[in-house]
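Trainee: Could you walk me through this one before I start on my own notes?
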Protein chains: 2
Amino acid sequence: MKLSNVIISRLSIYVRLLSELEERRKETVSSAELAELTGFGDAQIRKDLNLLGQLGISGTGYDVKHLQKVLSRVLGLDRQWKVALVGVGNLGSALLAYPGFKQQGFNIIAVFDNDLRKIGKNWEGIVVQDVGELVNAVRSAKIRIGIIAVPASEAQRVAASLLKAGVECILNFAPLRIKLPKEINLRNVDLTMELENFSCFLTNKSRRE
Amino acid sequence: MKLSNVIISRLSIYVRLLSELEERRKETVSSAELAELTGFGDAQIRKDLNLLGQLGISGTGYDVKHLQKVLSRVLGLDRQWKVALVGVGNLGSALLAYPGFKQQGFNIIAVFDNDLRKIGKNWEGIVVQDVGELVNAVRSAKIRIGIIAVPASEAQRVAASLLKAGVECILNFAPLRIKLPKEINLRNVDLTMELENFSCFLTNKSRRE
DNA sequence: GTATGTGAAGTAATTCACAGCT
DNA sequence: AGCTGTGAATTACTTCACATAC
């Protein structure tokens, strides 16, 4: 079963919505209701869910509890994941303190920086290690997910270390395109790019008016 | 000229790459070189750039300086944008301290929170205002871009206030799908979703092996 | 010769619309 | 009656391939 990124993104949204519905003791939910809640089309929701098996009941909808269980399993949320974070600047610290990660089973268990003032310090309960120790530390802890929250100038080097350490997935916050072999699952969160989308939108909007 | 989001994202990448090339005193660049640097196809790059006019010179490539100027204008990077930030928790503080925004002309000039301990305090040079003042403050400052960095439970309400205040673009960091009229340019940065993509990837990968 | 601009072909994602199940 | 599952149609995005321009 090969799920594309856009589908996985929607599954993430469904699973969150479902836990909400479950809390509200809702037993079943129809694709039309999910469409209303998410803003996606109802057919799309049925298509997405149908990829995971025949989960729906005609005339009734989907069983909230069951669907949530299936989605959680498919997304790998029924287990714990170890994560390495590189860079404890403003953004890195914020990520480390973000409670949402642990809630979903993502545990940042190793943190690295190259700033001597930070190395050895306790940061949200984790001791910051020298980035020079990254390869060994990440490899021996068998960490498969890495987060890059360092300045752009260092990001490519950090990525190379993570690769060497055997990491399979990298979330990059540095505003540049890292080059990595394509078997690595690389995702970029580029905040400036998001704002540039807005400025482009507003610029062209005004031009039209 | 209607540019889709994927295209705007690529234009953002090009413009950054070009400023790098300009610093290195590179005069011209070909679509093949840009393809090598970005990982996109060369035809795609030519298609993207061609949307902005006939900017290339056959047999030579694109003039770095000129192309950069055109891209900056299209993306609206040749002017200043006022931004409102709602929520000064871990993430909000990190965004406020992030130097990349100001560099690109995005100035966070108003900050809001509902925490009495934060209201009135100076945060990176800006006084935090009560979220109750948001509508008036944002409207009178004519701010068109808003960033939501509050917990999920409050995000929809904050979005409604921003809408009321006349904001046209909203960047949402809360892990839920906000409902807004479609003329608002809403973009979501969902960190948990990114990690869920990884856990899904790793789960299915292991299953295959 | 080298690199652009661009129709045509190919691929992916979404929406439509309805047969068939409960 | 109500809602799913799904081929068919549509739309969006990407890649190919080559005539054209420098």
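Mentor: What follows takes up the DNA surface, then one arginine, then the symmetry and the domains. This is a predicted model, in which local features need pLDDT of at least 70 and side-chain atom pairs count only at pLDDT 80 or more, while totals for chains, interfaces and linings use all residues. Residues are numbered from 1 along each chain as its sequence is written, chains are lettered from A and ligands numbered from 1 in the order in which they are written, and side-chain values use heavy atoms, with hydrogens and water left out.

Trainee: Okay, which residues come nearest to DNA strand D?
Mentor: There are 23 residues around the strand, counting a residue as near if one of its heavy atoms lies within 4 Å of it, and those that come nearest are S31(A), R46(A), N50(A), Y62(A) and K47(B). On the DNA side, sugar and phosphate account for 63% of the strand D atoms that come within 4 Å of the protein.

Trainee: And what does the side chain of R46(B) sit 3.3 Å from?
Mentor: An N or O atom of that side chain is 3.3 Å from a base nitrogen of DNA strand D, which falls under polar contacts, pairs of N or O atoms within 3.5 Å. For Q44(B), a side-chain N or O atom is 3.1 Å from a sugar or linking oxygen of the strand.

Trainee: Which element gives the most to that surface?
Mentor: That is α3(B), with four residues; helices here are DSSP runs (H or I, at least four residues), numbered from the N terminus.

Trainee: Switching topic: is R10(B) buried or exposed?
Mentor: R10(B), which lies in helix α1 of chain B, counts as buried because its relative accessibility is 12%, where buried means under 20% relative accessible area, with a 1.4 Å probe and protein chains only. Apart from neighbours within four places in sequence, R10(B) is in contact (heavy atoms within 4.5 Å) with F40(B), Q44(B) and D48(B).

Trainee: How are the two chains related, then?
Mentor: Chain B superposes on chain A by a rotation of 180 degrees with 0.0 Å of shift along the axis, at an RMSD of 0.0 Å, and that is the relation of a two-fold axis. The fit is by least squares on the C-alpha atoms of residues with pLDDT of at least 70 in both copies.

Trainee: Which residue of chain B comes closest to the rotation axis?
Mentor: A94(B) does, with its C-alpha at 3.2 Å.

Trainee: Last one, what are the domains of chain A?
Mentor: The domain assignment gives domain 1 (5–73) and domain 2 (81–193), and their centres, taken over C-alpha atoms, are separated by 32 Å.

Definitions and conventions:
A polar contact is a pair of N or O atoms within 3.5 Å; within protein, one must be able to donate a hydrogen and the other to accept it, and residues adjacent in sequence count only if both atoms are side-chain atoms. Helices (H or I, at least four residues) and strands (E, at least two) are DSSP runs, numbered from the N terminus. Buried means under 20% relative accessible area, exposed over 50%, partly exposed in between (1.4 Å probe, protein chains only). Domain bounds come from an automatic or database domain assignment.
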